[in-house]
Amino acid sequence: GVVDEAATTSNSTSSKSVPQGEIITSPMIGMFYVAPAENADPFVAVGDTVAPGDVLCIIEAMKLMNEITAEVSGEIAEILVPNGAVVEFGQPLFRLA
């Protein structure tokens with residue numbers, strides 16, 4: 001088992017850097033939207049810098065539009081969910097660098 005673990009650890013060096021980035025997870029189940037309206041600009045894009053309180057996305061749950069805000073500052077490194085997808089509670093939505 002030790003050899004296998006060593007192999008997987010060396011392969012996943014990129015994911016080892018995750019602790020330096022914050023993962024923002026969904027606080028609820030609902031539909032994930034990156035913009036306030038269909039033709040509007042997205043709240044954030046990869047490369048944007050966000051600060052606590054900045055709106056990142058909307059999750060629609062039972063016809064309520066819930067704005068999801070950043071709790072930490074950082075740069076959007078990755079948006080982990082496609083627009084319009086159904087997300088689960090605790091599902092990673094964004095990765096901050």
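Strands β4 and β5 make a hairpin with two residues between them, and Met62 in the turn has a positive phi of about 50°. That turn belongs to a predicted model of a chain with two helices and eight strands. Along the sequence the pattern reads α-α-β-β-β-β-β-β-β-β. Here's a quick tour, starting with the hairpin and working out to the two sheets, the core and the surface.

**The β4-β5 hairpin**

- β4 and β5 run antiparallel to each other and are joined by six bridges.
- Ala61 and Leu64 face one another across this pairing, with Leu64 sitting in β5.
- Met62 is in the loop between β4 and β5, and its phi near 50° is a positive value in a residue other than glycine.
- Lys63 is in that loop between β4 and β5 too, and has a positive phi of about 70° although it is not a glycine.
- Those angles catch the eye because most residues other than glycine have a negative phi.
- Is Met62 buried or exposed? Met62 counts as exposed, at 80% relative accessibility.
- Lys63 is exposed as well, with a relative accessible area of 73%.
- Move from the turn into β4 and the picture changes: six of the seven residues in β4 are buried, so the strand is mostly covered.

**The sheet that holds the hairpin**

- The hairpin is part of an open, antiparallel sheet of four strands, in the order β5-β4-β2-β7.
- Its edge strands are β5 (64-69) and β7 (86-87), each of which pairs on one side only.
- On the inside of that order, β2 and β4 run antiparallel and share three bridges.
- Tyr33 has Ile58 in β4 as its bridge partner.
- β2 also runs antiparallel to β7, with two bridges between them.
- In that pairing, Gly30 is matched with Val87 of β7.

**The other sheet**

- Four strands form another open sheet with antiparallel pairing, and the order is β1-β8-β6-β3.
- Which strands sit at the edges? They are β1 (23-25) and β3 (49-50), and each pairs on one side only.
- β6 (residues 74-79) and β8 (residues 92-96) are antiparallel partners over three bridges.
- Ile76 stands opposite Leu96, which belongs to β8.

**A salt bridge between β6 and β8**

- How many salt bridges turn up in a search of the whole structure? The search finds one.
- The partners are Glu78 and Arg95, whose closest N and O atoms are 2.9 Å apart.
- Glu78 lies in β6 and Arg95 in β8, so the pair ties together parts that are 17 residues apart in sequence.
- Side chains of opposite charge can pair when their charged atoms come close.
- Glu78 is partly exposed, with a relative accessible area of 34%.
- Arg95 also counts as partly exposed, at 25% relative accessibility.

**The nonpolar core**

- The largest nonpolar core has 17 residues.
- Phe32, Val50, Leu56, Cys57, Ile76, Leu93 and Phe94 are the ones with the most contacts inside this core.
- Two or more core residues come from each of β4 (55-61) and β8.
- Nonpolar side chains tend to be buried together in soluble globular proteins.
- Leu93 is worth a click: leaving out residues up to four places away in sequence, its contacts include Ile24, Phe32, Cys57, Ile59, Ile79 and Val87.
- Leu93 also touches Glu78, the residue that forms a salt bridge with Arg95.

**Surface and overall numbers**

- Ile29, Val86 and Phe89 form a nonpolar patch on the surface, with about 340 Å² of accessible area together.
- Where is Ile29? Ile29 lies in the loop between β1 and β2 (30-33).
- Ile29 counts as exposed, because its relative accessibility is 51% and the cut-off is over 50%.
- The chain as a whole exposes about 6200 Å², and carbon and sulfur atoms supply 55% of that.
- Of the 97 residues in the chain, 26% are buried.
- Among contacts with a separation of 6 or more, 56% are between residues 24 or more positions apart.

Definitions and conventions
Residues numbered from 1 in each chain as written. Heavy atoms only, no water. Buried < 20%, exposed > 50% of the residue type's maximum accessible area, 1.4 Å probe, protein only. Contact = heavy atoms within 4.5 Å. Areas by Shrake-Rupley, 256 points an atom, 1.4 Å probe, with all protein chains shown as cover. Pairing = 2+ DSSP bridges. Patch = residues over 30% accessible without salt bridge, like charges linked within 9 Å, V, L, I, M, F, W, Y side chains within 5 Å. Salt bridge = Lys/Arg side-chain N within 4 Å of Asp/Glu carboxyl O. Core = buried A, V, L, I, M, F, W, Y, C linked by side-chain atoms within 4.5 Å.
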